[in-house]
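Biologist: I'd like a close look at one part of this model, the nonpolar core. Could you walk me through it and then work outwards from there?

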Amino acid sequence: MSNPSLAQVRSSPVAAGRRTARRDGLAAALMMGPNLLLFTVFIVVPVVGGLYLSFTTWDITNGWPKWVGLANYRTMFADPLVWRSVETTLKFIVLGVVPTVFISLGLAMLINFRFRFVSAVRSLYLIPAAMSFAASAVVWRYLFLDGPGFGVIDYVISQFGVTPPNWLASTTWSLPALDIITVWLSLPTATVLYLAALQRIPASVIEAATLDGAGPVRRLRYIIWPGVRYMTLLVAIVALLAFTNGSFDLVNILTKGDPLYATQTLIYYIYENAFAYGLFGYAAALSVLQISILGGILVILRLLSRLVRR
Amino acid sequence: MIPFARTRRSTRIVFAVVVGLLLSAPLLYMLAGSLMSDTQLSIQPPQVIPSSLHFGNYVDAFSGMTQVIQLRSFVNSVIFTVGAVGLQWMLCVSGGLVVAKMRFRSRNVITILLAISLFIPIITTLIPTFIVTYKLHLINTYPGLILPIAAQTGFGTLLFRQYISQIPEELFDAARIDGANWWIILRRLVIPLAKPATAAYLAISVLTAWNMYLWPLVAAEGGSLQVLTQTLASAGTTGQGEITPQNVIFASVVIVTLPMILVFIAVQPSFVRGLTGSGVE
């Protein structure tokens, strides 16, 4: 590299001349070009193109999309399965994200102290993070097995004299069952985030409060919660994204939207419309709805976190 | 007072361990189940520790009538993970340097775009992404499997940006006075100094790629590019009415998951650092 490159000349103070501000435009373009190219082709174009696509019908195997105006959106508003799956999606998210936030805070508090094998014990808490939704689905399908002489979960429940539900085959319990799996998979990340926040609270502050007679409830209320509050928004967002992804993987592997659409989330309905019925334009319109819902929840979370801070 | 505090402490440790065992119970049960016979797995009350060990399940997972894991999907998973993560790492570390240290006009716009993309999971743009890939004639090819995932550079670029912006400006000035251009700075200064960021990035993205199910499902419809998550997903539910025994399924899940669990335990601190940006020990 004996020849000074153009980037180098441009970035040297001398070449910049009277202007003190260095300009790296060309070097930046060259170095970031491939990144931005791929990012544009596979993220920006799909986001913008998806919006366009939602106003068309398209049989992708032949020709180009045909403009149909608002037809897809009209179909969407009249399609009862859309609203059913929006409801299912929201239920799935609320039933899952809320417990994830509270349980992970509890877990983080539980392992936020030092003892001899602390890192080994923490590993027990974090290992599920290494599992895929697909692998978890296969394992939990067996744990959730129904009927006499089968699933471990049913066995444990029946020991308490309770009749276990039919889990994945029940219209009431299939969605909560998928939530249980997703909560289990989301807890490690959420716990790590809360643990990071907890470790910034000096142990001496908690000790001082304890000596002053503050019980666990008041310590939680006045020291721990204010210390980890800022992290809650991030925990909720990360969990929200995990539940958005998980709602496809688990549904596709375990229930296919059954029984009676009880687990048909919006994302699964989008997938079916595109890849089972070939309705790509309609699926694109539903994707716009999906992104709007996700965006809406993010805005609500943001507002909630502002309210709580006051 | 002191003995009292000590009992409370050990109670807390015991409680923490019990909860930890409960959380990892599905995994431990899977491991135990992968070593049981059919009858051991289905008797009541359920066995937790196998009364005798059946390592043959692992052979059955790879061969014969009960075969779940095809060598081909193992190779595909490795190619997909290494390809997507390797390419994405190159894009992200160089991109991170650009947005952290270079001065140009559209820097803020690019940073904001990358940040917004974090909130758009591929699942929400699946349909148009599929169509773009289809129109580029990349469906059922390795590039079609890899490129759209490698293109998700938001998280990595911002992670490296965060780390690189903390490298003192003086080091860059010194390198420039020594005649280094940006490429040399990237190779000799940034990449070596950003090793902890690379470790954190790898810990998270290798797991994500290895565990990915949806994109390979639509990008490799033909079957010869199937990855392991798909193999697992279809185990036990074959259309021909053949049912894979559950102990063989458990063994297959262990085979697919164990590499990631081992990697995970080895890199756990990096994983934690990648999630939190720093802080946790």
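Modeller: Sure, and keep in mind that this is a predicted model. The largest nonpolar core has 159 residues, and the members that touch the most others are A137(A), Y194(A) and V253(B). The biggest contribution to this core comes from helix α8 of chain A, residues 174–198, which gives 16 residues.

Let's start with Y194(A). Leaving out residues up to four places away in sequence, Y194(A) touches S104(A), L105(A), A108(A), V228(A), M231(A) and V235(A).

Now for A137(A). This residue is one of the buried residues of α6(A). Helix α6 of chain A covers residues 133–143, and because 11 of its 11 residues are buried, it is largely enclosed by the rest of the structure. Read along the helix, those buried residues are F133(A), A134(A), A135(A), S136(A), A137(A), V138(A), V139(A), W140(A), R141(A), Y142(A) and L143(A). You'll spot R141(A) and S136(A) in that list too.

Who touches this helix? One contact to look at is I253(A), which sits in helix α10 of chain A, residues 216–255. I253(A) counts as buried because it has 24 C-beta neighbours inside 10 Å, and the cut-off for buried is 20 or more. Not counting residues up to four places away in sequence, I253(A) touches A134(A), A137(A) and A233(B). So that you can find the pair on screen: I253(A) and A134(A) are 119 residues apart along the chain, yet their C-alpha atoms are separated by 7.1 Å. Notice also that A233(B), on that contact list, belongs to chain B.

That brings us to where the two chains meet. The contact involves 82 residues of chain A and 72 residues of chain B. On the chain A side, helix α2 (residues 25–53) gives the most, with 18 residues. Sorted by class, the chain A side has 60 nonpolar, 17 polar and five charged residues.

Let's follow chain A a little past helix α10, into the loop between α10 and α11 (266–276), where P259(A) lies. The peptide bond from D258(A) to P259(A) is cis, and its omega is near -15°. Y261(A) is in the loop between α10 and α11 as well. Its backbone has a positive phi of about 65°, although Y261(A) is not a glycine. Here's the background for both: most residues other than glycine have a negative phi, and most peptide bonds are trans. Y261(A) counts as partly exposed because it has 16 C-beta neighbours inside 10 Å.

Chain B has a residue of this kind too: N140(B) is not a glycine, but has a positive phi of about 65°. You'll find N140(B) in the loop between α6 (126–135) and α7 (142–150) of chain B. With 16 other C-beta atoms within 10 Å, N140(B) is partly exposed.

Now zoom out to chain B as a whole. Its secondary structure is 14 helices and zero strands. Of its 281 residues, 44% count as buried. The C-alpha trace spans about 75 × 70 × 30 Å along its principal axes. The radius of gyration of chain B is 24 Å, whereas a compact globule of 281 residues would have one near 19 Å. Look at contacts between residues at least 6 apart in sequence, and 75% of those in chain B join residues at least 24 apart.

How is chain B divided into domains? The assignment gives domain 1 (2–62) and domain 2 (73–276). Taken over C-alpha atoms, the centres of these two domains of chain B are 32 Å apart. Where they touch, domain 1 of chain B gives 12 residues and domain 2 of chain B gives 10 residues. On the domain 1 side, the elements giving two or more residues are α1 (2–33), α2 (38–42) and α3 (56–62) of chain B. Of these, α3(B) has the largest share, four residues. By class, that domain 1 side divides into six nonpolar, four polar and two charged residues.

Chain A is also assigned two stretches, domain 1 (6–53) and domain 2 (78–309). The C-alpha centres of these domains of chain A lie 39 Å apart. To tie this back to your core, α8(A) lies at residues 174–198 and gives the most to it, while V253(B) is among the members that touch the most others.

Conventions. Residues numbered from 1 in each chain as written. Chains lettered and ligands numbered in written order. Predicted model: local features only at pLDDT ≥ 70, side-chain atom pairs only at ≥ 80, totals over all residues. Rg over C-alpha atoms; globule rule 2.2 N^0.38 Å. Buried ≥ 20, exposed ≤ 12 C-beta atoms within 10 Å, placed from the backbone. Contact = placed C-beta atoms within 7 Å. Domains from an automatic or database assignment. Nonpolar A, V, L, I, M, F, W, Y, C, P; charged D, E, K, R; others polar. Core = buried A, V, L, I, M, F, W, Y, C linked by C-beta atoms within 7 Å.
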